[in-house]
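Dear colleague,

I am passing a structure on to you, and it follows directly below. After it I set out, topic by topic, what was found.

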Amino acid sequence: MRAVGLGFPPGGPVARGGHERSERAEPVSSRSPGRRDDPKVIVVDDHELFRQGVVGLLEERGIEVAGEAGLAADAIRLAEGAGPCVVLMDLRLPGMSGIEATQRLTAVAPLARVLVLTVFVDDQHIIDALLAGACGYVLKDAPIEQIVEGIRAAARGESLISPRIASRLVRRVREPCLMEESVTREPLTPRELEVLGLLTRGLDNSEIAQALYLSQHTVKNHVSTILSKLQVENRIQAAVRAVRGGLV
């Protein structure tokens, strides 16, 4: 299979190994202007050759590439200053994963929309990415036209999911609900459930504090207690467990 027309098989050269230097994350200049109805795009992938190939293919189709990055932290910085844009996000990145970056972007760059572009087709990555705030999920061996349509759909506030991924989700929905008999050893309080609901929507501690008229210190304590009761290590795992367990 092709990886967006570059000749890279999903399990071959697109697999990430080296770390990209942060200085590569710079706004792209001297790019051909995009059409008025197309969004700006930031391409995030630590495989430089693949990333540059995607940039070239997008520009050939009139998509304005506002920046590119090999590290999630640099992508977040670019998105914060880009205004409305679509972030084309790989999931396997050095340091901070694409899933964690997606969750952070929903808080610090609310005008950005994340479209995942990855080789992962397993349920866990799909669910984690969508719960983190991604509005689409496209595979790297998809035709470039499908990726462009995913970008345009994301900009419109819609979702596009690769057909192979969609079929997996349909099968998952049709399965009997696998509710855990005991999601927590100790039940969450009404306030903790409120915090968990906002956490699942991607809000950070300051936003949760503002929404519930609490101090950030109090919210931090609630989140710590929630993680302990749900027996998870981070906010993303808490969100997944909450959705699967019917808590929110």
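To begin with the interior of this predicted model, the largest cavity is lined by Val43, Val44, Asp45, Phe50, Arg51, Val54, Leu88, Met89, Asp90 and Leu117. The elements that give two or more residues to this lining are β1, α1 (48-60) and β3, and the largest share, three residues, comes from α1. Sorted by character, the lining of the largest cavity divides into seven nonpolar residues, no polar ones and three charged ones. The volume of this cavity is about 40 Å³, and the structure holds one cavity of 30 Å³ or more. As background to such values, rolling a probe the size of a water molecule over the atoms shows where empty space is left.

Two of the elements just named belong to the sheet, which I describe next. In what order do the strands of the open sheet lie? The six strands follow one another as β2-β1-β3-β4-β5-β6, with parallel pairing. The edge strands are β2 (64-69) and β6 (160-161), each of which pairs on one side only.

Strand β3 (residues 85-89) is largely enclosed by the rest of the structure, because five of its five residues are buried. In a regular strand the side chains alternate between the two faces of the sheet. For β3, Cys85, Val87 and Met89 lie on one side and Val86 and Leu88 on the other, and as all of these are buried, both faces of the strand are covered.

The partners of β3 can be followed residue by residue. Strand β1 (residues 40-44) runs parallel to β3 and is joined to it by four bridges; Val41 has Val86 as its bridge partner in β3, while Val43 has Leu88 as its bridge partner there. Both Val43 and Leu88 also appear among the residues that line the largest cavity. Towards β4 (residues 112-118), β3 is joined by five bridges, again in parallel, and Val86 stands opposite Arg113 in β4.

Further along the sheet, four bridges join β4 to β5, and these two strands also run parallel. The bridge partner of Thr118 in β5 is Leu139. Strand β5 (residues 136-139) has Gly136 and Val138 pointing one way and Tyr137 and Leu139 the other way, and all are buried.

Is Leu111, in the loop between α3 and β4, buried or exposed? Leu111 has a relative accessibility of 52% and therefore counts as exposed, the cut-off for that word being over 50%. The C-alpha atoms of Leu111 and Cys85 are separated by 6.8 Å, although the two residues are 26 apart along the chain.

Helix α3 also takes part in the second largest pocket, which holds about 150 Å³ of space. Its lining is made up of Glu100, Gln103, Arg104, Ala107, Val108, Gly202, Leu203, Asp204 and Arg235. Helix α3 (residues 98-108) gives the most to this lining, with five residues, and the lining of the pocket divides into three nonpolar, two polar and four charged residues.

Finally, helix α9 (residues 216-230) can be checked for its length. With 15 residues at 1.5 Å a residue, α9 should span 21 Å, and its end C-alpha atoms are 21 Å apart, which agrees. The buried residues of α9 are Val219, His222, Val223, Ile226, Leu227, Lys229 and Leu230. Seen down the axis of α9, these buried residues fall within an arc of 165°, so they line one face of the helix. The face turned away from that buried side carries the exposed residues His217, Lys220 and Ser228.

On either side of α9 there is a residue whose backbone deserves a look. Most residues other than glycine have a negative phi. Tyr213, in the loop between α8 (205-212) and α9, has a positive phi of about 55° although it is not a glycine, and with a relative accessible area of 77% Tyr213 is exposed. Gln231, which follows α9, has a positive phi too, near 60°.

With best regards

Definitions and conventions
Residues numbered from 1 in each chain as written. Predicted model: local features only at pLDDT ≥ 70, side-chain atom pairs only at ≥ 80, totals over all residues. Heavy atoms only, no water. 1 Å grid on protein atoms, 1.4 Å probe; cavity = no way out; pocket = protein on both sides within 12 Å on 5 of 7 lines; lining within 4 Å. Points joined across faces, edges and corners; volume = space filled by probe spheres on them. Nonpolar A, V, L, I, M, F, W, Y, C, P; charged D, E, K, R; others polar. Expected span 1.5 Å × (residues − 1). Buried < 20%, exposed > 50% of the residue type's maximum accessible area, 1.4 Å probe, protein only. Arc of directions from axis to C-beta. Pairing = 2+ DSSP bridges.
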